[in-house]
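Reader: Before we discuss this entry, could you show me the sequence and the structure together?

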Amino acid sequence: MNENNSSNRYYRRFSLGQRYLHGVIMSTFVGLAFTGMVLRFSHTTWAPAVAHAVGGFAAILFFHKFCAVLLTVAFLTHVGYVVVYRGIIKRDKSVFWGPNSMIPQLKDLKDLFGQFRWFLWLGPRPKFDRFAYWEKFDYWGVFWGMAVIGFSGYSMWFAPFFARFFPGSWLNIALLIHGEEALLAAWFIFAVHFFNTHLRPGSFPMDLVIFTGRQTEKELKEKHPEEYQRLLEKGQLQAAQTNASPEWLTILGRLIGVVVISSGFVLLVLTLVAFFRRQ
Ligand code: HEM
């Protein structure tokens with residue numbers, strides 16, 4: 001098939017709802033990471049300057065809590081929609097199993113080992129389906145983060161309430177867990193997630209699919225060959241086809257991408273320097 005034709009055909013990858021959800025999670029996470037790191041690295045020269053610019057450390061804490069509430073609402077809405085609405089009310093089994101499910105399956109483990117073999121020139125490149133194993137890993141990272149960072153964060157915020165159920169020392173532990181896990185999450189997102197989605201060969205300098213919701217046929221075949229094959233064999237390829245992204249959406253996606261990726265990179269460098277200088 002002609003490569004040019006292949007780049008002119010577009011397929012839907014993410015619905016509008018999924019793109020909005022990602023947008024809320026992305027912006028609140030960046031907000032939480034920035035405000036949280038200003039609190040954590042308050043001994044540096046840059047943190048008080050940032051705090052001063054927005055009205056002081058009290059304002060930073062206010063924005064941190066504001067973003068935390070938005071992120072929690074988005075997270076609970078997603079869980080409610082997927083588990084309660086689609087899984088329980090609609091009895092949609094594809095949520096829990098199969099190629100469109102985010103639940104890790106045996107194929108993901110095989111793909112993981114297959115990819116490491118491929119990295120070492122010991123085997124062929126694994127053929128990913130709709131979601132590659134690392135995409136599922138990133139997805140579940142949000143659940144882990146909400147459990148660990150969220151629970152410890154709310155414990156500190158509503159300390160008198162949590163003190164009814166936990167000993168007082170829990171608050172010190174919560175602060176420690178919250179700060180360390182948040183640092184790990186921020187470094188993971190700003191280094192690994194950004195590399196996997198935007199900076200790796202094949203996506204560099206930016207993959208706009210999460211903003212536009214569309215990918216070209218060439219991208220679908222290269223990044224998700226098993227999904228392409230499945231849709232082709234089941235005669236569902238035509239139904240997944242869509243038109244090209246409107247120009248304004250592509251420009252907006254690029255703009256958001258540049259701002260978020262460069263902000264993440266700046267925060268990554270600042271926190272790495274601040275962390276290792278203190279050791
Ligand atoms: C539901 C989500 C969250 C809640 C409720 C929450 C709540 C809080 C609260 C109340 C504090 C202030 C503790 C104090 O008074 O000293 C705090 C500090 C902090 N938060 Fe969060 N937070 C959340 C998510 C996050 C996320 C996603 C990150 C970063 C990726 C983050 C990074 C931090 C950091 C680095 C600190 C400073 C810790 C320290 O001083 O060592 N938080 N958070």
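Author: What follows is a set of questions about the terms used for this structure, each answered from its definition.

Reader: What should be known about the model and its numbering?

Author: This is a predicted model, in which local features need pLDDT of at least 70 and side-chain atom pairs count only at pLDDT 80 or more, while totals for chains, interfaces and linings use all residues. Residues are numbered from 1 along each chain as its sequence is written, and side-chain values use heavy atoms, with hydrogens and water left out.

Reader: What makes up the protein, and how many helices and strands are there?

Author: The protein has 13 helices and 3 strands, where helices (H or I, at least four residues) and strands (E, at least two) are DSSP runs numbered from the N terminus. Its C-alpha trace spans about 60 × 40 × 40 Å along the principal axes.

Reader: Why is the site of the iron atom of the ligand called octahedral?

Author: Six donors count as octahedral if opposite donors are over 155 degrees apart and all others between 65 and 115, and donors are N, O and S atoms within 2.8 Å of the metal (3.2 Å for Na, K and Ca), with water not among the atoms, so sites may look incomplete. Here the 6 donor atoms make angles of 87 to 180°, and the site is octahedral. From the protein, the donors are H64 (NE2) and H178 (NE2), lying 2.0 Å from the iron atom. This pair links distant parts of the chain, with H64 in helix α4 (residues 57-89) and H178 in helix α8 (residues 169-199), 114 residues apart.

Reader: Are H64 and H178 buried or exposed, and what makes R91 count as exposed?

Author: Buried means under 20% relative accessible area, exposed over 50%, and partly exposed in between (1.4 Å probe, protein chains only). Both H64 and H178 are buried, whereas R91 counts as exposed because its relative accessibility is 68%. W121, with a relative accessible area of 78%, is exposed. Buried residues make up 41% of the 279 residues in the protein.

Reader: Where do R91 and W121 lie, and what is notable about their backbone?

Author: Most residues other than glycine have a negative phi, and most peptide bonds are trans. R91, in the loop between α4 and α5 (106-119), has a positive phi of about 50°, and W121, in the loop between α5 and α6 (133-157), has a positive phi near 60°. A cis peptide bond, with omega about 5°, joins F204 and P205, and P205 is found in the loop between α8 and α9.

Reader: How do you know that β1 and β3 pair?

Author: Two strands pair if DSSP finds at least two bridges between them, and 2 bridges join β1 (residues 10-12) to β3, the strands running antiparallel. Y10 stands opposite T242 in β3. The open sheet of 3 strands has the order β2-β1-β3; β2 and β3 (241-242) each have a single partner strand, so one side of each is left without a neighbour in the sheet.

Reader: Which residues lie nearest the centre of the second largest pocket, and what makes a space a pocket?

Author: On a 1 Å grid over the protein atoms alone, a pocket is an open set of points with protein on both sides within 12 Å along at least five of seven lines, the points being where a 1.4 Å probe fits, and lining residues have an atom within 4 Å of a point. The second largest pocket is lined by 21 residues, of which Y10, L208, T216, E219 and R254 lie nearest its centre. The largest share of this lining, 4 residues, comes from α10.

Note on methods. Tetrahedral: all angles 85-135°; square planar, octahedral: opposite > 155°, others 65-115°.
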